[in-house]
Amino acid sequence: MKQLEKSDLMVEKLEEENKALKEKLDLLDSCLDILFDGVTVLDTEGKIAYANKIKAERIGYTQEELIGIKPIQIIAERDLQRYINEFERVLYNGEIPRFFEYTVKHKSGKEIPMEISFSILHNSKGEVIGAVGASRDITNERAITQKLIESEEKYRVIFESTGTAMLTVSNSGIIQMVNKDFERLFGYSKEEVVGKKKLTDFMKDNTPAEIEASHTYPKRYETEFLNKVGKKINLIVIENVLPKNSNSAEHEKIVALIDVTENKKVMKEMEKYQRQLKNLSAHLQDVIEEDRRKLAHEIHDSFGQELTGLKIQLSLLSEDPYLRKKAIKCEINSMINLVDNIMTEVKDTSLSLSPIVLEHFGFESAIKWLIEDFQKKTNIQYNLKYELKHNLPNNYQLSLTVFRILQELMTNTARHSRATQVNIVFKDIDNSLYLEFQDNGKGIPKNKIFSLNSFGLLGIRERVLYQGGTINITSKKNKGTRVVITMPLPTDILK
């Protein structure tokens, strides 16, 4: 009876431990499913309690099909005893887990070479509660390695005919072999470098720090070299480890050197060209703004005054006691209404060409006027939070740029967003002007934010970049669009 009770207690204990293990697996499930390696967890009975998606898919099973089976059922017969022996060494002798190569049986019957590592899981008392294993399909790696081992001549042909400077170096860094492209690039013969020099001997500034810091392969870095006559060469270096040579005490690294010297020159020219284009664009924008300003003043001063005079004359004429006929008065009143409409259009055109209110009343007043004007025309509710402590000069380029940016943002919102509310924030952050514009509209697809046809947003971005600022646009479908812009404030304003 006592034995049964003891047995029941042991069963209950095992069940509790298995339950606790499965609860932990549920928490890790979402993370493990995105790993590149296959992962399996064994319970105390040596059965699979969990397998992530990549593990199941690689051997043709579903995750559910793998639950409850033992790993030895999917290990190829010829590797089975070795698998058992190595697993037991980890389990009973406490060996440090490492990767072993085994052949695993796919559900379809084909065999897959895999690297498998396993480790024992313990509870807080040090008792074994299961094991975890990681596996990686090495079909491609094994095939490539085999081909390289079987055909050294093919390797040498490839080595010589890549069109890229290549070399092999030993663990100590001594050059073992170079191809003809290396000789052409550096001006040295094979006899001058093989077994005598290191790759670092040709580097302009010795060994770059990124090489020392990197311990994984392939290494990839860019640095400067000097050829035989002292000419500087910019090269991208790609290092990888070659398969181990059984006849040598140490393995070699293969190094590819990609000459980007001319590319560097082209990139510098492109950067110079882009700066020139930006400066030209900014200059053209200044010219356009100046022409707009002149035209706005001309429209306002000339047409506005003449229309005002015409309206006064028509008003006086309509009050003439000698004009008795109602038809004539009606016609005059219609003309007055027409003049009113023309004057409104002239005023709107003048303001759109050049924000006269900015020149006369200042930046803050111009922003508030712009928001009120858009609110009347669009029926969109605009909420302004203005906390900008520095006063921008009325005629300063930055104030006009920000005014135009806000005007374009509001125009885009009115035309495309179907928004009913917009929140606008102005404030200072780290000596920069901060503008946040957020609507509750339908949003902008990510691929259209800065597409070639999004002229409004492209124009805004160019204005921001020219002022040395940054722009970030985020948008979600039917949840609105948020635009955050920062632009450094001029030093004379900060004083």
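These questions and answers go through a predicted model of one protein chain.

Q: How many helices and strands are there in the chain?
A: The chain has 495 residues. Its secondary structure comprises 16 helices and 15 strands.

Q: What share of the residues of the chain count as buried?
A: A residue counts as buried when its relative accessible area is under 20%. Of the 495 residues, the share that counts as buried is 37%.

Q: What part of the accessible surface belongs to carbon and sulfur atoms?
A: The accessible surface of the chain comes to about 31000 Å². The part of this surface that belongs to carbon and sulfur atoms is 52%.

Q: Among contacts between residues at least 6 apart in sequence, what share join residues at least 24 apart?
A: A contact here means heavy atoms within 4.5 Å. Among the contacts in the chain between residues at least 6 apart, the share joining residues at least 24 apart is 51%.

Q: Is serine 417 buried or exposed?
A: Serine 417 is in helix H14, which covers residues 397-417. Its relative accessibility is 9%. The limit for buried is under 20%, so serine 417 counts as buried.

Q: Which residues does serine 417 touch, not counting those up to four places away in sequence?
A: A polar atom of the serine 417 side chain lies 3.1 Å from the backbone nitrogen of alanine 419. Alanine 419 is not part of the list asked for, which leaves out residues up to four places away. The residues touched are Asn412, Asp439, Gly441 and Lys442.

Q: Which residue in S2 is the bridge partner of threonine 40?
A: Strand S1 (residues 38-42) and strand S2 (residues 48-51) run antiparallel and are joined by three bridges. They form a hairpin with five residues between them, and glycine 46 in the turn has a positive phi of about 80 degrees. The partner of threonine 40 in S2 is alanine 51.

Q: Which glycine in the turn between S6 and S7 has a positive phi?
A: Strands S6 (residues 165-169) and S7 (residues 175-178) pair in the antiparallel sense over three bridges. Leucine 167 has valine 178 as its bridge partner in S7. S6 and S7 form a hairpin with five residues between them, and the residue in the turn with a positive phi, about 95 degrees, is glycine 173.

Q: With which residue does arginine 82 form a salt bridge?
A: Side chains of opposite charge can pair when their charged atoms come close. Arginine 82 is partly exposed at 32% relative accessible area, whereas its partner, at 9%, counts as buried. Both lie in helix H4 (residues 77-93), four residues apart, about one turn of the helix. With the closest N and O atoms 3.7 Å apart, the partner is glutamate 86.

Q: How far apart are the closest N and O atoms of glutamate 224 and lysine 232?
A: Glutamate 224 is partly exposed, with a relative accessible area of 22%. Lysine 232 also counts as partly exposed, at 40%. The two form a salt bridge, and the closest N and O atoms are apart by 3.5 Å.

Q: Which residue meets lysine 385 in a salt bridge?
A: Lysine 385 is partly exposed, with a relative accessible area of 47%. Its partner counts as partly exposed at 38%. At 3.7 Å, N to O, the partner is glutamate 387.

Q: Which residues are linked in a network of salt bridges?
A: The count of salt bridges comes to 15. The residues linked in a network are Asp37, Glu115 and Arg136.

Conventions. Residues numbered from 1 in each chain as written. Predicted model: local features only at pLDDT ≥ 70, side-chain atom pairs only at ≥ 80, totals over all residues. Heavy atoms only, no water. Helix = DSSP H or I, 4+ residues; strand = E, 2+ residues; numbered from the N terminus. Buried < 20%, exposed > 50% of the residue type's maximum accessible area, 1.4 Å probe, protein only. Polar contact = N/O pair within 3.5 Å; in protein donor to acceptor, adjacent residues only side chain to side chain. Pairing = 2+ DSSP bridges. Areas by Shrake-Rupley, 256 points an atom, 1.4 Å probe, with all protein chains shown as cover. Salt bridge = Lys/Arg side-chain N within 4 Å of Asp/Glu carboxyl O.
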